[in-house]
Amino acid sequence: MDELVERLSKLDTCAVSDSLDRLGRVGVVLGITPTAPPAKICGRVVTAKLVDRTTANSATTRHLGTSAIMAANPGDVIVMQHGRSDAAGWGGILSAAAKTRGLAGVIVDGAARDIDESRELEFPIFARSATPMTARNRIVEESTNEPVLIGRIVVHPGDLVLADGSGVVFLAAAEAEEAIAGAEMIAGREALMKAAVLQGDPVTEVMGRDYEQMLAR
């Protein structure tokens, strides 16, 4: 496994978000949640951009998501710019194909469908919503492995992503090492605080003593 991905996979999004706060960077996307919690995915990003078929620059016969699946390596995460709740940007056959190729999961900034199928496959999907409505005659894929806008974050192919029950956080590839190191430090401190509370230290003392200084550099 990619060493940075392996380290990131041992963390949670809260520690990574705190590390980004500490560094003055933004990487958290709000409103995208697991469709079958609990779920956690972590990996390098492969992107796809979906657009309304009436505004697409050119017609395509390629089914959305398929190029991203074929471009991805085992352990990668497909991240889709979508933005709609009335047409699914992902479905069950795509989940089956992605699962077969060893992908870690998919993140859809919009709606997905065939959620029950994906649950049966144990293939994680994070999305803004679920819908039974098809993409057919509604949306098309404009590009694969080009920068995409997810929430307010510009995400590039090869960036890192971690998603869990608390949310989704992206790390730019060039800045991932520093952010992960900070998150590891924060997670270590929080583990000590939790241990202190469990052994009987008053939570007011533990939080007052350590929490507010957590992000100090």
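Leaving aside neighbours within four places in sequence, which residues is Gly27 in contact with? In this predicted model, the contacts of Gly27 are Leu20, Ile153, Val168, Val169 and Phe170. Gly27 sits in the loop between α2 (13–23) and β1. At 2% relative accessibility, Gly27 counts as buried, because the cut-off for that class is under 20%. Gly27 also makes a good starting point for looking across the chain: Arg152 is 125 residues away in sequence, yet the two C-alpha atoms are 8.7 Å apart in space.

With one loop residue placed, the view can widen to the whole protein. The secondary structure consists of 7 helices and 11 strands. For a chain of 217 residues, a compact globule would have a radius of gyration near 17 Å, and the value of 19 Å found for the protein agrees with that. Along the principal axes, the C-alpha atoms fill a box of roughly 60 × 35 × 30 Å. Of the 217 residues, 44% are buried. Among contacts with a separation of 6 or more, 75% are between residues 24 or more positions apart. The pairing of Gly27 with Ile153, listed above, is one that a reader can look up in the structure.

The surface can be described in a similar way. About 10,700 Å² of the protein is exposed, and carbon and sulfur atoms supply 52% of that area. The protein carries 22 positive and 29 negative charges, and the mean positions of these two sets are 4 Å apart.

Turning inward, the largest nonpolar core holds 23 residues, and the members that touch the most others are Leu64, Ile78, Met80, Trp90, Val106, Phe123 and Ile125. Two or more residues of this core come from each of β3 (41–52), α3 (66–71), β4 (77–81), α4 (92–100), β5 (105–112) and β6 (125–130). Met80 offers a helpful way into this region. Beyond the residues up to four places away in sequence, Met80 touches Ala48, Leu50, Leu64, Gly65, Gly89, Trp90, Val106, Ile107, Val108, Asp109 and Ile150. Leu64, Trp90 and Val106 thus appear among the contacts of Met80 and also among the core members with the most partners.

Several other loop residues repay a visit. Ile32 lies in the loop between β1 (28–29) and β2. With a relative accessible area of 2%, Ile32 is buried. Its partners, apart from residues up to four places away in sequence, are Ile107, Val108, Asp109, Phe126, Ala127, Arg128, Ile150, Gly167 and Val168. One of these, Phe126, is 94 residues from Ile32 along the chain, with 6.1 Å between the C-alpha atoms.

Gly151 occupies the loop between β8 (148–150) and β9 (153–155). Is Gly151 buried or partly exposed? Gly151 has a relative accessible area of 36% and is therefore partly exposed. Away from its neighbours within four places in sequence, Gly151 is in contact with Val29, Asp109 and Arg128. Asp109 and Arg128 are also touched by Ile32. Ile115, by contrast, is 36 residues from Gly151 along the chain, and 22 Å separates their C-alpha atoms.

Thr134 is placed in the loop between β6 and β7. At 18% relative accessibility, Thr134 counts as buried, because this value falls under the 20% cut-off. Thr134 touches Ala87, Ala88 and Arg113, not counting residues up to four places away in sequence. Between Thr134 and Ala112, 22 residues apart in sequence, the C-alpha distance is 9.2 Å.

The backbone holds a few details to look for as well. Most residues other than glycine have a negative phi, and most peptide bonds are trans. Asp114, although not a glycine, has a positive phi of about 55 degrees. Asp114 is located in the loop between β5 and α5 (115–121) and, at 29% relative accessibility, is partly exposed. Asn145 also has a positive phi of about 55 degrees without being a glycine. Asn145 belongs to the loop between β7 (139–144) and β8, and its relative accessible area of 31% makes Asn145 partly exposed. Finally, the peptide bond that joins Pro37 and Pro38 is cis, with omega at about 0 degrees. Pro38 is in the loop between β2 (33–34) and β3.

Definitions and conventions
Residues numbered from 1 in each chain as written. Predicted model: local features only at pLDDT ≥ 70, side-chain atom pairs only at ≥ 80, totals over all residues. Heavy atoms only, no water. Helix = DSSP H or I, 4+ residues; strand = E, 2+ residues; numbered from the N terminus. Rg over C-alpha atoms; globule rule 2.2 N^0.38 Å. Buried < 20%, exposed > 50% of the residue type's maximum accessible area, 1.4 Å probe, protein only. Contact = heavy atoms within 4.5 Å. Areas by Shrake-Rupley, 256 points an atom, 1.4 Å probe, with all protein chains shown as cover. Lys, Arg positive; Asp, Glu negative; His and termini not counted. Charge placed at Lys NZ, Arg CZ, Asp CG, Glu CD. Core = buried A, V, L, I, M, F, W, Y, C linked by side-chain atoms within 4.5 Å.
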